[in-house]
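Reader: I have a new structure open and would like to learn how to read it. Could you take me through a few features?

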Amino acid sequence: MPAKRSFRDPIALRLRELEYAQTYSEWREIAQELDRLEGADAWKQDEASEDYDHLLIRERLTQMRRLRSAGEVRHLVHELHEGLHGNLGNITTPALYAFARFGTKRLIEEYLTEVVRCLDYLCAGDFADFSADEKIVFFKRTATSFGRSAMLLSGGATLGMFHLGVIKALSEQGLLPRVISGSSAGSIIGGMVGTRDDAQLPQLFDPENLNLAAFQRLNLRGALQSGGLMDPTLLQQCLLHNLGEETFTEAFQRTRRIVGVTVSAAEEHQQGRLLNYLTAPNVLLRQAVLASCAVPGVFPPVQLLARDFQGEVVPYLPSKRWIDGTVYSDLPMLRLARLHNVNHYIVSQTNPHVVPFMVDEAKQARGLMPLARQLALGAGRSTMRLARTHLQGSPVRRVADQLNAVMAQRYSGDINILPRHSPRQLLRMFSNLNARELAQFIREGERATWPRIERIRNQTAISRAFESCLLTLKLARTDRLTPRSRVRRVAR
């Protein structure tokens, strides 16, 4: 057992300062100093490790530098198209982020920097043997092969306000993915992000700008009539204030953010859905969020609304009702992969029935406690499968199906950001927050994200470069194909 550190010990002092850092820049400075004091800097400089193929990464880095410096454009394009992979040489393994507090092996960071530099070089350069049209084909194909990242926001009632702090920390570093999916409480945050452009986004982090009144208990008669303990009218007003009346398509066209909302079917023989500008373009975003927040027994099932051909708001699939997206698809990874070429998932997970069973994947925890968590989770899943088998034809079979769906899901991604729930927060899950409480959730979300920032920066660097380059090339092509230039082409 390690000896307790005295607060006169410089490492102990810096650890205490790290715990109370007020900004990410302050946290980063302290973390970097601790890496020097604790020996992690030497580990970063040493390229060798059993956790990744350092010889392959060094070889690829050397080759890319040589080709770029020599101006061998065609050869460089060939090598990038053939050799760019998200986890080349196992460089994204969590173990490489378990030793240092800030960053990872210098070789990996140099490799990622060089890839981005090569992509920028090819995008910006004017080459006789690599035309603008060829550039677009190369970037589209290679970006599709490489994939992209998505931000997934779980359910959790008021605990989900933690997501706001995660969004704040990532957006301030320019690391917020364009693809964002939310379930239940996470859909509220995702919807608010999806209806605000970059200039408007900071308004979200001021508690005074948000309508926080979402919960109002019904009396017994009202609860029996509506099928839920809470009045949905107040939640509707909250969502209207925070999200407005835009459809998925309208929000996407204005902000260019790809926001998805998961909803679960209230009836049997129906599948849950991921609603977004592709799958439900004319559905009102705030009504989709209302459905995703319809926790069974708390809020009644919801009918979706959409704009018709003339722009009038009408029922969408009028005979169907929808409930909490967390029930069947808290994190819709497969659907995001299919629709948006996503293969890397950043998860902010706040569900109280999930967080206690999750461990820091970078530390690869071992011992009795992680084993007990996994055994308890496995026992719960087995119990629900057994219950479903013996409840055929029973009125409670539907409830058993929903519980089984909750237990059987995958709740973690490639990078997970987790809160530390307090008993008071758990007891107030379905209570309205005041501005001070919301500010505390935002701060907790920020602080939980800071240790993940550099890992997120590294693991999204290449996909972000592809996105930036493609946007630049598309704008340049639009400039070339203005009406005047098209007239000249026709005249020829």
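Author: Gladly; we will look at a helix, some aromatic rings and the cavities. Keep in mind that this is a predicted model.

Reader: Let's begin with the helix. How many residues of helix α9 are buried?

Author: For burial, the cut-off to remember is under 20% relative accessible area. In helix α9, residues 185-194, 10 of the 10 residues fall in that class, so the helix is largely enclosed by the rest of the structure. Among them are Ile-188, Ile-189, Met-192 and Val-193, together with glycines such as Gly-190 and Gly-191.

Reader: Now the aromatic rings. How many aromatic pairs does the structure hold?

Author: In general, a pair of aromatic rings is described by the distance of the centres and the angle of the planes. This structure holds 8 such pairs. Take Tyr-24 and Trp-27: their ring centres are 6.0 Å apart and their planes meet at 15°, so this pair is stacked.

Reader: Where do Tyr-24 and Trp-27 sit along helix α2?

Author: They are 3 residues apart in α2 (residues 24-38), which means about one helical turn separates them. Tyr-24 is buried at 7% relative accessible area, and Trp-27 is buried too, with a relative accessibility of 7%.

Reader: And what arrangement do Phe-130 and Phe-138 show?

Author: Here the planes stand at 70° and the centres are 6.3 Å apart, so the pair is edge-to-face. Both of these phenylalanines are buried. They also belong to one aromatic cluster, together with Phe-139, Phe-146 and Phe-466.

Reader: Let's turn to empty space. How many cavities of 30 Å³ or more are found?

Author: The general idea is that rolling a probe the size of a water molecule over the atoms shows where empty space is left. A search of the whole structure finds 2 cavities of 30 Å³ or more. The largest holds about 290 Å³. It has 23 lining residues, and the closest to its centre are Thr-158, Met-161, Ile-188, Ala-214 and Phe-215. Our helix α9 returns here: α9 and α11 (232-243) are the elements that give two or more residues to this lining.

Reader: Which classes of residue make up the lining of the largest cavity?

Author: The lining has 17 nonpolar residues, 6 polar and no charged.

Reader: What about the second largest cavity?

Author: That one holds about 50 Å³. Its lining includes Phe-248, Phe-252, Arg-257 and Tyr-277. The largest share, 3 residues, comes from α12. By class, the lining has 7 nonpolar, no polar and 1 charged residues.

Note on methods. Residues are numbered from 1 along each chain as its sequence is written. This is a predicted model: local features need pLDDT of at least 70, side-chain atom pairs count only at pLDDT 80 or more; totals for chains, interfaces and linings use all residues. Side-chain values use heavy atoms; hydrogens and water are left out. Buried means under 20% relative accessible area, exposed over 50%, partly exposed in between (1.4 Å probe, protein chains only). Helices (H or I, at least four residues) and strands (E, at least two) are DSSP runs, numbered from the N terminus. Rings of Phe, Tyr and Trp (its six-membered ring) pair if their centres lie within 6.5 Å; planes under 30 degrees apart count as stacked, over 60 as edge-to-face and the rest as tilted. On a 1 Å grid over the protein atoms alone, a cavity is a set of points where a 1.4 Å probe fits but cannot get out, and a pocket is an open set with protein on both sides within 12 Å along at least five of seven lines; lining residues have an atom within 4 Å of a point. Grid points are joined across faces, edges and corners, and a volume is the space filled by probe spheres set on the points. Ala, Val, Leu, Ile, Met, Phe, Trp, Tyr, Cys and Pro count as nonpolar, Asp, Glu, Lys and Arg as charged, and the others, Gly among them, as polar.
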